[in-house]
Amino acid sequence: MQTIIEPFRIKSVEPIHFNTPDQRAQILEKANYNPFLIKAKEVIIDLLTDSGTSAMSSNQWAAMMQGDESYAGSDSFFRFESTIQKITGLPIVIPTHQGRAAEKILFSILGGKGKYFISNTLFDTTRANIEFSGAEGIDLICEEGKYPSIPAPFKGNMNLTAMEECILEKGAKHIPLCILTITNNSGGGQPVSMENIRSVHQICRKYGIPLFIDACRFAENAYFIKIREQGYQQRSIPSIVHEMFGYADGCTMSAKKDAFANIGGFLAMHNEALALQCRNLLIMTEGFPTYGGLAGRDLEAIAVGLEEVMEEHYLQYRIRTTEYLTNKLIAAGVPVMQPAGGHAVYLDAKNFLPHIPVNQYPGQALVGALYLTGGIRAVEIGSLMFGKYDEDNTLIPAALELVRLAIPRRVYTQSHIDYVAEVIIEVFQNRDRIQGLEIIEEAPTLRHFTAKLRPVNH
Ligand code: F0G
């Protein structure tokens, strides 16, 4: 097979700043072993997130020049709205400044004490917004999704049996919404099959529970359906996308992912009454409903990006990138989530560093080692991000200890990815030298963003 090449030419570049292992050791210590506290220019390859880090196309930049910055009823809004209506089939579109702003509005209205939100897996900001409202979020990932090293085509699926049991146990009237995260970010960027989306839709219908899609990576999910699910090989990506959204009553979206935008998001839905409440909150927190906290030029960039992301050459290259890196790591014996996710490669830190107990945060220790060895910035998705404490202040660990290497869209080339593989393999060969970490300072919610840590034998 011929090499799958980057389906773009590079017109504008930005320099990478290099530093030495000694400099990085000092930087890491100063950042209290938290990658969020490292300056971007001190990073060589930044895989902290695929969110807001995309390279925009010349068409997006051109569209930005046409941004209509009118406060109300701008042309840019109508282009944004009609693009989303066409792609999703959802008639009501409400812009927000990013995904979590859409979540904040939705869960402020639907949440509250005694309510439950069910999901394949809620992303951390989604869960935080649900819990902040006083409600509870319940993850019901399928069995295959619980084992990082066992490959399966759709490890992001909802466990349908558990879903129905949960509805019967909690009572449908206490469940205002079911949320399918596609692809399933916290579960390893794994896709959800069309069959599963359809079944979740049917169960939701049976019990009168609305279904929303957390649609950040909808195009990547659609491509996985096309290549992995029977009956979809001949279907176009837009038609798969349309079918996916056809099963939903609405969606939340962060345009910072599969819309190639550096900022932005939206809510889309069928329900007029809910939309009215959302718009009322939006005016108080985000802005008038035709801009929702965004500049007209941002709405333009999103509208163009949403179309570009569905191009098959792009999606083929995109999914190939994570697969290429994953395969190199597997060949070297590195414990990695299989198969590759859409937007990221996930290292299994528990098996990578079996000598570090979960209460010494093996994922975060591995993140530090990747930075020290190669200036690569990754993020822990494990007990630092999701751990809780019981009444005795003992850590209740997360189910998985993962390290995510998220690949920004259209930013890095194959040689960057080769370098990343070399660094990870070097770290793996020297893994015995890596020490666990302890927390010295933390916030009560979303602690991973600001927590300060230090090596256990400091
Ligand atoms: N839902 C999912 C599945 C996400 O991955 C994110 C963001 C959000 C919602 C929130 O969107 O950032 O625009 O407010 N994920 C980023 C990440 C931050 O790194 O995975 P946002």
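**Exercise 1. Find what Thr49 contacts in the ligand, and place this contact among its neighbours.**

Step 1. In this predicted model, a polar side-chain atom of Thr49 lies 2.7 Å from an oxygen atom of the ligand. A polar contact needs N or O atoms within 3.5 Å, so this pair qualifies.

Step 2. Ser254 also places a polar side-chain atom by a ligand oxygen, at 2.6 Å. For Arg404, an N or O atom of the side chain is 2.7 Å from an oxygen atom of the ligand.

Step 3. Next comes the cover of the ligand. Taken alone, the ligand exposes 470 Å², and the protein buries 94% of that.

Step 4. There are 17 residues around the ligand, and those that come nearest are Thr49, Arg100, Ser254, Lys257 and Arg404.

**Exercise 2. Describe helix H4 and the residue that follows.**

Step 1. H4 covers residues 99-110, which is 12 residues. From first C-alpha to last, H4 reaches 17 Å, close to the expected 16 Å.

Step 2. Check which residues of H4 are buried: they are Gly99, Ala101, Ala102, Glu103, Ile105, Leu106, Phe107 and Leu110.

Step 3. Just after H4, Gly112 has a positive phi of about 125°.

**Exercise 3. Determine how strands E3 and E4 pair and how the chain connects them.**

Step 1. Locate the strands: E3 is residues 116-119 and E4 is residues 136-139. They pair in the parallel sense over 4 bridges.

Step 2. Within this pairing, Tyr116 stands opposite Glu136 in E4.

Step 3. Follow the chain from E3 through helix H5 (residues 124-132) to E4. This β-α-β crossover is right-handed.

Key: Residues are numbered from 1 along each chain as its sequence is written. This is a predicted model: local features need pLDDT of at least 70, side-chain atom pairs count only at pLDDT 80 or more; totals for chains, interfaces and linings use all residues. Side-chain values use heavy atoms; hydrogens and water are left out. Helices (H or I, at least four residues) and strands (E, at least two) are DSSP runs, numbered from the N terminus. The expected span of a helix is 1.5 Å times one less than its number of residues. Buried means under 20% relative accessible area, exposed over 50%, partly exposed in between (1.4 Å probe, protein chains only). Two strands pair if DSSP finds at least two bridges between them. A crossover is right-handed if, with the strands pointing away from the viewer, the path from the first strand over the helix to the second runs clockwise. A residue is near a molecule or strand if one of its heavy atoms lies within 4 Å of it. A polar contact is a pair of N or O atoms within 3.5 Å; within protein, one must be able to donate a hydrogen and the other to accept it, and residues adjacent in sequence count only if both atoms are side-chain atoms. Accessible areas come from the Shrake-Rupley method with a 1.4 Å probe; for residues, only the protein chains shown count as cover.
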